[in-house]
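Reader: I'm a first-year student and new to this kind of thing. Please pick one part, zoom in and walk me through it slowly.

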Amino acid sequence: MLSVHEITTAYQGLVAISEVSIEVAKGEIVLVAGANGAGKSTLVKSIAGAERPRSGTVTFDGQRIDGLPQHQITARGIAYVPENRRLFPRLSVADNLRLGSYMYRGKADREAPLDLVFQMFPRLQERLDQRAETLSGGEQQMLAIGRALMTRPRLLMLDEPSQGIMPKLVDEIFRAVKTIRDTGMTVLIVEQRMAECLEIADRAYILQTGKILMQGTAADIGDNPDVRKAYLGL
Ligand code: ATP
């Protein structure tokens with residue numbers, strides 16, 4: 001479904017990721033892990049169109065998408081939840097969700113994904129009129145994922161959804177990611193909390209200083225002695 005081939009992305013001449021290739025098949029949950037600064041965010045931004053790769057290609061459903069503006073990439077079915085979530089803090093939960101589906105014309109079409117969002121995150125339904133800025137960190141993350149779901153993506157990309165969230169809600173979010181996949185979506189997730197995320201992922205890549213260090217099934221990566229020592233603290 002998604003094929004990233006040897007992309008290199010740089011910031012003012014400084015290479016952040018170098019010739020990175022990853023594949024994501026339909027229906028998978030794929031984890032991208034790695035230390036701070038390894039280039040995980042740069043990789044998803046380069047797929048989402050938030051950064052432009054200097055070289056390499058990104059193909060989605062057989063069509064090149066690298067170089068397209070971000071809104072066109074969204075329109076093709078890729079939703080991206082950035083690390084900082086980018087909610088509209090002063091708008092209500094309901095309005096933030098509505099802004100996810102503005103591109104659909106009919107009201108029925110715009111509101112159809114709400115059922116899934118509420119099923120996934122009942123807390124949001126209880127807080128529809130609450131301003132986004134007054135939600136807890138975990139609830140804000142739920143809202144950011146909910147808003148992404150409103151675009152009816154085929155591929156959902158999440159950048160560190162567990163960041164700044166209390167453990168109980170992290171579990172809830174990871175469980176939701178699994179449920180989202182079970183409804184037929186595909187998920188690419190960037191996470192530092194590797195141990196928990198390997199439990200829901202099918203496959204994983206480890207990035208180190210801008211390059212793919214290792215890749216494999218979640219089970220193989222989780223059992224790898226080097227990974228256990230260096231990344232899982234075991
Ligand atoms: P973290 O987990 O800390 O978010 P990461 O693995 O997501 O890290 P990136 O954010 O992709 O890593 O950063 C990769 C490298 O690119 C880092 O050296 C970082 O300093 C650099 N970098 C990222 N964004 C920019 C930017 N806008 N301008 C300049 N350098 C950047």
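Author: Let's start with a helix: α2 gives the most to the lining of the largest pocket, five residues in total. Helices here are DSSP runs of H or I with at least four residues, strands are runs of E with at least two, and both are numbered from the N terminus. Keep in mind that this is a predicted model, where local features need pLDDT of at least 70 and side-chain atom pairs pLDDT 80 or more, while totals for chains, interfaces and linings use all residues. Residues are numbered from 1 along each chain as its sequence is written, and side-chain values use heavy atoms, leaving out hydrogens and water.

Back to that pocket. Its volume is about 670 Å³. (A pocket is an open set of points on a 1 Å grid where a 1.4 Å probe fits, with protein on both sides within 12 Å along at least five of seven lines; lining residues have an atom within 4 Å of a point.) The lining has 25 residues, and Q70, T74, Y80, P82 and R147 are the closest to the pocket's centre. Besides α2 (70-75), at least two lining residues each come from α1 (40-48), β6 (78-81), α3 (93-100) and α7 (137-149). Sort the lining by class and you get 15 nonpolar, six polar and four charged residues. Asp, Glu, Lys and Arg count as charged, and Gly goes with the polar ones.

Now for the ligand, since α1 turns up again: this helix provides the largest share of the shell around the ligand, three residues. The ligand is surrounded by 14 residues (each with a heavy atom within 4 Å), and the closest are N36, G37, K40, S41 and T42. By class, the shell splits into seven polar, four nonpolar and three charged residues.

Zoom in on K40 and you'll find an N or O atom of its side chain 2.8 Å from an oxygen atom of the ligand; a polar contact is a pair of N or O atoms within 3.5 Å. E83 also has a side-chain N or O atom by a ligand oxygen, at 3.4 Å. Then there's E160, with a polar side-chain atom 3.4 Å from an oxygen atom of the ligand. How much of the ligand does the protein cover? On its own the ligand has 630 Å² of accessible area, and 61% of that is covered by the protein (Shrake-Rupley method, 1.4 Å probe).

Definitions and conventions:
Grid points are joined across faces, edges and corners, and a volume is the space filled by probe spheres set on the points. A polar contact is a pair of N or O atoms within 3.5 Å; within protein, one must be able to donate a hydrogen and the other to accept it, and residues adjacent in sequence count only if both atoms are side-chain atoms.
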